[in-house]
Amino acid sequence: MSVYVQKRTIKLNRFLTSALLILLVILILLSGFFGSYGVSVSQRRERESMDYILNMYNRNLSGALEKIEGDLQDILASQSTLQMLLDRSSLRRWQGSYSLSSLLTEKRSSTSDVDGYAVMDSVYEGFILARSSNISYKDLGEIKKCLKGMAQQDIRSSGWISAQIGELGCLLKYYNYGGVIIAAFMTEQKIQEVLSHGQSGDHVVDFYVADSGKRIICSSNQEWKYGEELLFDEKPFGPKILLRAQEVLGGVYYVGGSIERENFFVENPYFFMILGLLLVSLVYLIVILRFVNREVLRPVKILSDISVKICQGNMTIRPGYACKNKEMSELREAYVTMLDTIMELKVQEYERIIQVKDSELKYMHMQLKPHFFLNALSTINSMAYQNENEDIHQFIRAFSKTIRYMFSVGLHTVSLAEEIQSLEEYLEMQRFLYKNSFYYYFDIPEEAKSYMIPQMILHTFIENIFKHVMDINSFVTIFMRCCFEKHNGQEMLKIEIHNSGKYFKEDILRQINEDGEGKESESGGIGLSHIKEILTILYGQSHLLLLENEEPEGTKVTVWIPGEVQNEVIDS
């Protein structure tokens with residue numbers, strides 16, 4: 001448990017109450033001063049206001065141009081469609097034109113800050129245009145003529161440029177892609193819509209957009225025309241004064257603004273008094289906020305994060321924040337005490353469960369292994385009666401290898417490849433007794449051979465076949481297939497064992513498939529109920545074993561093996 005140094009604590013509610021009362025007094029004083037304060041906005045604030053507005057429209061214009069540039073890149077990405085415009089086949093050109101027309105219309109509709117997207121090929125002079133109402137029908141000829149001139153220039157990308165196309169002043173950018181011109185247009189009306197959006201109040205702001213040579217492209221002031229030079233300074237012209245200008249796209253364009261000049265009364269002493277009170281209030285508020293953050297918000301955040309980690313299974317983590325207020329310190333200590341108590345109870349419960357499971361697993365282990373010995377001794381006895389001494393010798397050698405494998409460790413998991421190797425040795429033992437009365441085939445993918453499965457589980461299923469199905473006067477096929485699949489919402493190894501022998505009896509199917517409890521049926525195979533219990537305890541899941549009868553004859557055993565073992569017993 002963490003040890004914390006006891007520090008002097010304070011009452012959080014008392015502190016917050018006092019702080020709010022002081023803040024209320026300050027607000028009352030500010031209200032009185034604001035009641036007598038009648039000074040208009042200073043020239044400095046006017047300048048700051050203009051900068052704020054210019055920043056906003058600078059972002060709007062830059063954002064609009066970047067969005068249009070993105071659309072141009074999307075159109076350029078349709079390279080195969082663009083190349084169709086240069087195809088000799090008129091049908092292919094029509095198909096390309098139709099696809100590009102749909103694409104341009106879609107881009108024009110989704111980008112409200114553009115007036116038109118156009119595509120024209122220099123060979124067949126096919127012309128495609130998606131336009132807004134700002135581009136009239138009479139402008140189409142001039143636009144086509146402009147694009148044709150662009151195609152004759154050896155320029156792949158123009159960058160954003162200003163142009164006068166007929167009576168239409170606009171910003172445009174085009175790309176020359178192998179003789180195909182892709183262009184975007186933004187007219188004066190559209191730029192003015194962007195710049196004039198959101199203006200309100202008594203002071204109407206006029207905006208100007210100029211190129212890098214400071215020549216006007218468009219203006220909300222009707223007195224200024226396209227191409228006229230504009231000086232960005234603060235010298236008054238007429239009743240207005242140009243206050244600010246800002247660069248767009250790194251100096252490619254400028255955005256400027258002008259506003260009507262007013263007389264400002266800045267000598268009022270109340271201004272400085274109110275400013276001082278506001279600063280004091282601001283500092284005081286910052287102090288309060290820092291205190292609340294340190295003494296309340298930060299501890300609560302730490303407790304919240306720790307609670308999430310505890311829900312994820314980390315029961316060892318503890319809150320380690322330090323604070324001065326009494327309430328949060330007591331909450332921390334109570335939280336730590338609660339976690340320690342829960343941890344102790346969980347450890348006790350886990351120890352009890354592990355002890356019970358360990359006893360169950362060892363008991364079932366003792367029950368499972370005798371089946372194998374009894375079957376093996378029965379086989380040796382049968383061979384001895386038939387005086388097959390050499391076969392007995394070879395059988396015992398194979399039997400010793402199997403015994404060595406079974407006793408190498410206790411009940412735990414081994415690789416599928418190791419289990420299969422031991423199983424094949426077991427089947428070779430059975431060859432001495434049943435000769436050519438059976439055939440087996442295993443379909444094991446390479447990636448499954450390293451998968452871990454319970455030791456001797458496949459032996460049990462195969463032993464059942466030899467115990468209840470195999471006969472010297474009949475022929476039985478055994479087929480085993482392994483694959484990976486989802487089961488109970490988890491990726492598992494699925495093992496299917498088919499044989500062409502007798503059906504499972506109904507009581508066995510009910511007992512295994514329907515969660516039957518009690519003693520193993522007398523008509524059942526070797527250790528099937530124990531196998532089901534072992535799987536349940538090892539993996540904590542009950543539906544991992546399924547028995548089925550197949551038509552026209554034979555049975556199928558299906559077992560699912562999860563990837564992680566929850567309880568494992570290894571004999572020392």
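**Exercise 1.** In this predicted model, determine whether Arg-93 is buried or exposed, and find which side chain of opposite charge is nearest to Arg-93.

*Solution.* Begin with the surroundings of the residue: Arg-93 is buried, and the nearest side chain of opposite charge belongs to Asp-87, at a distance of 6.1 Å. A salt bridge requires a side-chain nitrogen of Lys or Arg within 4 Å of a carboxyl oxygen of Asp or Glu, and Arg-93 has no salt bridge. Next, look for a backbone partner: the side chain of Arg-93 reaches the backbone oxygen of Arg-88 at 3.0 Å. Finally, place the residue in its setting, where Arg-93 belongs to helix H4, which covers residues 90–110, and, when residues up to four places away in sequence are not counted, touches Met-84, Leu-85, Asp-87, Arg-88 and Tyr-124.

**Exercise 2.** Work out in what order the five strands of the open sheet are arranged, and why one side of E12 and of E16 is left without a neighbour in the sheet.

*Solution.* The order is E12-E14-E15-E17-E16, with mixed pairing. Strands E12 (438–443) and E16 (545–549) stand at the edges and each have a single partner strand, so one side of each lacks a neighbour in the sheet. On average, neighbouring strands are turned by 15° against each other, direction ignored.

**Exercise 3.** Describe how E14 and E15 are joined, and which strands helix H10 lies across.

*Solution.* Strand E14 (residues 476–487) and strand E15 (residues 490–499) run antiparallel and are joined by 10 bridges, and Phe-484 stands opposite Leu-493 in E15. Helix H10 (residues 416–434) lies across E12, E14 and E15, and runs at about 170° to E12.

Technical notes: Residues numbered from 1 in each chain as written. Predicted model: local features only at pLDDT ≥ 70, side-chain atom pairs only at ≥ 80, totals over all residues. Heavy atoms only, no water. Helix = DSSP H or I, 4+ residues; strand = E, 2+ residues; numbered from the N terminus. Buried < 20%, exposed > 50% of the residue type's maximum accessible area, 1.4 Å probe, protein only. Lys, Arg positive; Asp, Glu negative; His and termini not counted. Polar contact = N/O pair within 3.5 Å; in protein donor to acceptor, adjacent residues only side chain to side chain. Contact = heavy atoms within 4.5 Å. Pairing = 2+ DSSP bridges. Axes fitted to C-alpha atoms, helices over the stretch in contact; angles between N-to-C directions.
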